[in-house]
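User: I'm new to this one and would like a close look at a single part: the strands and how they line up into sheets. Could you walk me through it?

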Amino acid sequence: MFQKKINLLNLSLFISFTSLQIIAADLIEGQSGEIIPIPAPQDKNEDQLTFKTSSGIKQLISLPFVKQDLMITRHHLDVKVNWVNFGESRITITDSSKVTLSDADQARANKEAIEIKAALKNSTNEITPSFNFIPPVPGRITSPFGKQRFINGLPRSAHLALDLSGAIGTPIVAPLKGKVVLVGDYFYTGLTVILDHGYGLFSSYAHMSEIQAQLGDLLEQSDQIGKVGSTGRVTGPHLHWTVYFDGNKVNPESLIQEDFLNSIL
Ligand SMILES: [Zn+2]
């Protein structure tokens, strides 16, 4: 009996020691605007996209853009999001009606924001995203993700997209298979298309001169979406490319790296 008690004590000590080790080894952290893997929950539901890796079954989550290091809870896990200095950009918009909006323009912009949010609400599970993006245009990066913007000297929200250079008319292609879930002409983003790549992964294409896709189209990777332009609120022609995943805008720059998915799993 005495021996048994000792064993039980040892067992409980062993268990608490290993749990501590697991906690220490499993500090989950990543950078502002990054997609990172976490262990998939045991009771995963059908809607969850998971990946088998040598260290177990993983799911991908997004980390929000942060202005300082932050501990957050995502998918029931404590995650440390590390701040990144993405720099700042100061732009001048001479058309003051695009900066200080009239009541009518403000009402339009508000209505459009609701429309865009609605398009991002439900993602299809009929497409399984490979996460192996190709660049939507061949251009160089003119404004990275996360830059703090100042418009006419006043601080505005950070630039949570990637700007790629391109002359007017440069073809824009689907960087990944996706379904067209929004097509429209918007106050800020001009001619705009949003693709749903499945499982909460979306991407949007703004300021186009021409749209060559229709609502509901299923585009394969490399299929043409439209052409680079300067519609909406812009300082010149370029592609403003936004990627959304798991409820956050994420940094598109890392996604176009070679073999992105394997590099993070
Ligand atoms: Zn932009």
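Analyst: Here is a walk through two sheets, with a word on confidence at the end. Keep in mind that this is a predicted model.

Let's start with the sheet ordered β12-β18-β16, an open one made of three strands with antiparallel pairing. At its edges sit β12, covering 171-173, and β16, covering 210-211, and each of these pairs on one side only. Now zoom in on β16: two bridges tie it to β18, residues 224-227, and the two strands run antiparallel. If you want one pair to find by eye, look at E210, whose bridge partner in β18 is K227. As a bit of background, strands of a sheet pair through backbone hydrogen bonds, either parallel or antiparallel.

Next comes another open sheet of three strands, in the order β7-β9-β10, and here the pairing is mixed. β7 (88-91) and β10 (154-155) stand at the edges with a single partner strand each, so one side of each has no neighbour in the sheet. Follow β9, residues 148-151, across to β10 and you'll find two bridges between them, with the strands running antiparallel. A handy pair to look for here is F150, which stands opposite P155 in β10.

How far does the predictor trust all this? Over the protein chain, pLDDT averages 89, and 89% of the residues score at least 70. Residues 1-24 are another story: pLDDT stays under 50 there, and the model gives that stretch zero contacts beyond four places in sequence.

Notes: Residues numbered from 1 in each chain as written. Predicted model: local features only at pLDDT ≥ 70, side-chain atom pairs only at ≥ 80, totals over all residues. Pairing = 2+ DSSP bridges. Helix = DSSP H or I, 4+ residues; strand = E, 2+ residues; numbered from the N terminus. pLDDT = per-residue confidence, 0-100. Contact = placed C-beta atoms within 7 Å.
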